[in-house]
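Reader: I am new to reading structures. Could you take one part of this one and walk me through it closely? Please keep the steps short.

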Amino acid sequence: MKRLLIVGGPMGVGKSTVCGALLERLQPGVYLDGDWCWNMRPFSVTEETRAMGMDNICAMLTRFLACPELRYVIFGWVLHRQEIWDELLHRLPLEQVRVTCVALTASEGTLRNRLEADVAAGLRKADAV
């Protein structure tokens, strides 16, 4: 049976690290970061770009789930509202797919420290904090 693992949580909580570690252990598999599906410059969050991002994510995940070479599909994204989780799951072909959803959390202080370290390293802009 195909497995879909969805990892959500706030920016800086460790989604990319967790998803990368899962991919190393769960093979044959693929990891998709939702941000990759609307990585544009300048970055703009509008109704149109949100819809485009969700369309791109659903299309990619649908193709990964259909690929017979893959057993595990790992998806990570901010997923900060329940309706985003609901829409995503509603739009995917999940027959014969076991879904596991995980929300990562951290204290405000821990997130602030991680984000500030990322800003200092040039990985994020100051407004991320």
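Author: Start with Lys-2. Its place is in strand S1, which covers residues 2-8. Keep in mind that this is a predicted model.

Is Lys-2 buried or exposed? Lys-2 is buried, yet it has no salt bridge. Glu-69 holds the nearest side chain of opposite charge, and that is 9.1 Å away. A salt bridge needs the charged atoms within 4 Å, so Glu-69 does not qualify as a partner.

What does the side chain of Lys-2 reach instead? It reaches the backbone oxygen of Leu-70, at 2.4 Å. Leu-70 also appears among the contacts of Lys-2, once neighbours within four places in sequence are left aside. From the sixties and seventies of the numbering, these contacts include Phe-64, Leu-65, Cys-67, Pro-68, Arg-71 and Val-73. Further along the chain, they include Gln-96, Val-97 and Arg-98.

Now move to Thr-49. This residue sits in helix H2, residues 47-66. Its relative accessible area is 12%. The cut-off for buried is under 20%, so Thr-49 counts as buried. A polar atom of the Thr-49 side chain lies 2.8 Å from the backbone nitrogen of Thr-46.

Which residues does Thr-49 touch, not counting those up to four places away in sequence? They are Trp-38, Met-40 and Ser-44. Take Trp-38. It is 11 residues from Thr-49 along the chain, and their C-alpha atoms are separated by 7.6 Å.

Trp-38 leads on to the aromatic rings. A search of the whole structure finds four aromatic pairs. One of them joins Trp-38 and Phe-43. Their ring centres are 5.2 Å apart, with 75° between the planes. That makes the pair edge-to-face. The two partners are placed as follows: Trp-38 is buried, at 10% relative accessible area, whereas Phe-43 is partly exposed, at 47%. Both belong to one aromatic cluster with Phe-75 and Trp-77.

Last, the cysteines. How many disulfides does a search of the whole structure find? Zero. Look at Cys-37 to see why. Its closest cysteine sulfur is in Cys-58, 9.3 Å away, which is too far for a bond. A disulfide needs the two sulfur atoms within 2.5 Å, so this pair does not count. Seen from Cys-58, the closest cysteine sulfur is the one in Cys-37. Cys-37 is buried, at 11% relative accessibility. Cys-58 is buried too, with a relative accessible area of 4%.

Note on methods: Residues numbered from 1 in each chain as written. Predicted model: local features only at pLDDT ≥ 70, side-chain atom pairs only at ≥ 80, totals over all residues. Heavy atoms only, no water. Helix = DSSP H or I, 4+ residues; strand = E, 2+ residues; numbered from the N terminus. Buried < 20%, exposed > 50% of the residue type's maximum accessible area, 1.4 Å probe, protein only. Lys, Arg positive; Asp, Glu negative; His and termini not counted. Polar contact = N/O pair within 3.5 Å; in protein donor to acceptor, adjacent residues only side chain to side chain. Contact = heavy atoms within 4.5 Å. Phe/Tyr/Trp six-rings, centres within 6.5 Å; stacked < 30°, edge-to-face > 60°.
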